[in-house]
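Reader: Could you walk me through one strand of this fold, with its partners and the turn that follows? I'd like a close look rather than a tour.

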Amino acid sequence: MTNDEIRPARAADVPAVKAVTDAAYHRYIERIGVVPQPMEADHAADVAAGRVFVFGEPVVGLVVVEAREDHLFLDSIAVRPDAHGTGAGRRLLEFVDARARVLGLPEVRLYTNALMWENQKIYPRFGYEVVERRVDGPYDRIHYRKRLV
C-alpha cells in the first residue's frame, strides 16, 4: 500500500482504528461534556462488517461508513492530530463521495456535535448543507447532507 491509498480495514488494524479515533476525538470530551460517540464504538465489529476504511501506513486517518437504502452515512471521520493540515481529511472525504457513487447512492449524510464548531466550518467547504439540528440523548447534533447528483 502506498501512503495515499485508502483500503478496507482489517482485524489487525483495530488497535490503530481505536488509537486514531481516540486521538482525534479526545479533545472534545471536556467541551461537549460527554465522551464522543465514535470513541465508544465497537471498532472490531465495524471493521468486521466492512464499514471502516483506513488511510496511511501507519494509519493516520479513517472513515466509518454505512450504506443505507438512499444514502451513504458517514458515521465517523478521524485523523490523527499530528496529521492535521496534510490533506488526509480532504482525501478521506473525497473517498466517501467516491464510495457512495460506486454504490449508486445519491447522497452522503453525516452529523456532528453542535459544539464541534471546527466541523461546521469544514463540511460546507466540501459541499455539505445543513439539514437540521436535533438533540439525540446527550448529543446536540447538526445533521448534514451532500447531494452527489
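Author: Here's a look at strand S2 and its surroundings, in what is a predicted model. S2 covers residues 52-55, and it has a strand partner in S1 as well as in S3. With S1 (residues 6-8), the pairing is antiparallel and runs over three bridges. S2 and S3 are antiparallel too, joined by four bridges. Val54 is a handy place to stand: arginine 7 sits opposite this valine, and leucine 62 is its bridge partner in S3.

Now for the side chains. In a regular strand they alternate between the two faces of the sheet. In S2, Val52 and Val54 point one way while Phe53 and Phe55 point the other, and all of them are buried.

As for the cores, the largest nonpolar one has 26 residues, with Val63, Leu74, Val96 and Tyr128 making the most contacts inside it. S2 is among the elements that give two or more residues to this core, and so are S3 and helix H4. H4 provides the largest share, six residues. There's also a second, separate core of 17 residues, and Val52 is one of its members, along with Ala9, Val17 and Ile32.

Past the end of S2 comes the hairpin to S3, with five residues between the strands. Glycine 56 takes a positive phi there, near 90°. Glutamate 57 is in that loop as well, and it counts as partly exposed because its relative accessibility is 48%. Measuring C-alpha to C-alpha, glutamate 57 is 9.8 Å from isoleucine 6, though the two are 51 residues apart in sequence.

Key:
Residues numbered from 1 in each chain as written. Predicted model: local features only at pLDDT ≥ 70, side-chain atom pairs only at ≥ 80, totals over all residues. Heavy atoms only, no water. Core = buried A, V, L, I, M, F, W, Y, C linked by side-chain atoms within 4.5 Å. Buried < 20%, exposed > 50% of the residue type's maximum accessible area, 1.4 Å probe, protein only. Pairing = 2+ DSSP bridges.
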